[in-house]
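Reader: Hello! I am new to this structure and would love a close look at a single part of it. Could you walk me through one piece and show me what surrounds it?

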Amino acid sequence: RLRALDILNGSPGVDEQTVLDALDRALGDEDAQVKKYAMRALADRGGPEAAARLHRALRDTDPAVRMAAIDNIVRSIPPAGRIPLLREAASDGDEEVRSAAATWLEQSVAESR
């Protein structure tokens, strides 16, 4: 699945919506590596469509996936756009996720001023 997703994502001429839909479905995959690949690919694409899909990854059951979502949100979304996502993540049930989100939130608020 990971290889197929990589081929689709890297193929020129493929409809953008098709790729976004495939990456979105991959966020729900049982394999954490597939999920993390999808998040990186979405972050690389950027834009509001990617941001909405990365937001969904903040609700994954696996804290490692939620941490990866935070990393990709910080990497790809401008500070003003990431602040609401990081505020949500700052109330996560996992202490490590909360801590990372709070740290990035503080930095993002300072950057947006």
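At what angle do α2 and α3 pack, and how far apart are their axes?

Author: Happy to help. Please keep in mind that this is a predicted model.

Let us begin with the pair you ask about. The angle between α2 and α3 is about 145 degrees, and their axes lie 8 Å apart. The crossing of α2 past α3 is left-handed. Where the two helices meet, α2 brings Glu 16, Val 19, Leu 20, Leu 23 and Ala 26. On the other side, α3 brings Val 34, Lys 35, Tyr 37, Ala 38, Ala 41, Leu 42 and Arg 45. Sorted by character, the residues of this contact are nine nonpolar, three charged and no polar.

Now for α3 itself. With 14 residues at 1.5 Å a residue, α3 should span 20 Å, and its end C-alpha atoms are indeed 20 Å apart, so the two values agree. Its buried residues are Val 34, Lys 35, Tyr 37, Ala 38, Met 39, Ala 41, Leu 42 and Ala 43. The elements that cover them include α1, α2, α4 and α5.

One residue outside α3 helps to show how this region fits together. Leu 5 touches Ala 22, Leu 23 and Ala 26, and also Val 34, Tyr 37 and Ala 38, when residues up to four places away in sequence are not counted. Leu 5 is also among the residues with the most contacts inside the largest nonpolar core, along with Leu 23, Met 39, Leu 42, Leu 58 and Ile 70. That core has 35 residues. Each of α2, α3, α4, α5, α6 and α7 supplies at least two residues of the core. In soluble globular proteins, nonpolar side chains tend to be buried together.

Ala 41 makes a handy reference point in α3, since you have already met it in the contact with α2. Gly 10 comes 31 residues away from Ala 41 in sequence, and their C-alpha atoms are 9.6 Å apart in space. Gly 10 sits in helix α1, and Gly 10 counts as exposed because its relative accessible area is 58%, over the 50% cut-off. Gln 107, in helix α7, is 66 residues from Ala 41 in sequence and 24 Å from it in space, C-alpha to C-alpha. With a relative accessible area of 35%, Gln 107 is partly exposed.

From α3 we can step to α4, one of the elements that cover it. Here the buried residues are Ala 50, Ala 51, Arg 53, Leu 54, His 55 and Ala 57. Their cover includes α2, α3, α5 and α6.

That list leads on to α6, where Pro 79, Arg 82, Ile 83, Leu 85, Leu 86 and Ala 89 are buried. The cover of these residues includes α4, α5 and α7. Ala 89 is worth a pause: its relative accessibility is 4%, so Ala 89 counts as buried under the 20% cut-off. The C-alpha atoms of Ala 89 and His 55 are separated by 9.4 Å, although the two residues are 34 residues apart along the chain. Beyond its neighbours within four places in sequence, Ala 89 is in contact with Leu 58, Ile 70, Val 97, Arg 98 and Ala 101. Two of these partners, Leu 58 and Ile 70, bring us back to the core, where they are among the residues with the most contacts.

Note on methods:
Residues are numbered from 1 along each chain as its sequence is written. This is a predicted model: local features need pLDDT of at least 70, side-chain atom pairs count only at pLDDT 80 or more; totals for chains, interfaces and linings use all residues. Side-chain values use heavy atoms; hydrogens and water are left out. A nonpolar core is a set of buried Ala, Val, Leu, Ile, Met, Phe, Trp, Tyr and Cys residues joined through side-chain atoms within 4.5 Å. Buried means under 20% relative accessible area, exposed over 50%, partly exposed in between (1.4 Å probe, protein chains only). Helices (H or I, at least four residues) and strands (E, at least two) are DSSP runs, numbered from the N terminus. Contact means heavy atoms within 4.5 Å. Axes are lines fitted to C-alpha atoms, for helices over the stretch in contact, and angles run from 0 to 180 degrees between N-to-C directions. A crossing is left-handed if the near helix is turned anticlockwise from the far one by less than a right angle, and right-handed if clockwise. Ala, Val, Leu, Ile, Met, Phe, Trp, Tyr, Cys and Pro count as nonpolar, Asp, Glu, Lys and Arg as charged, and the others, Gly among them, as polar. The expected span of a helix is 1.5 Å times one less than its number of residues.
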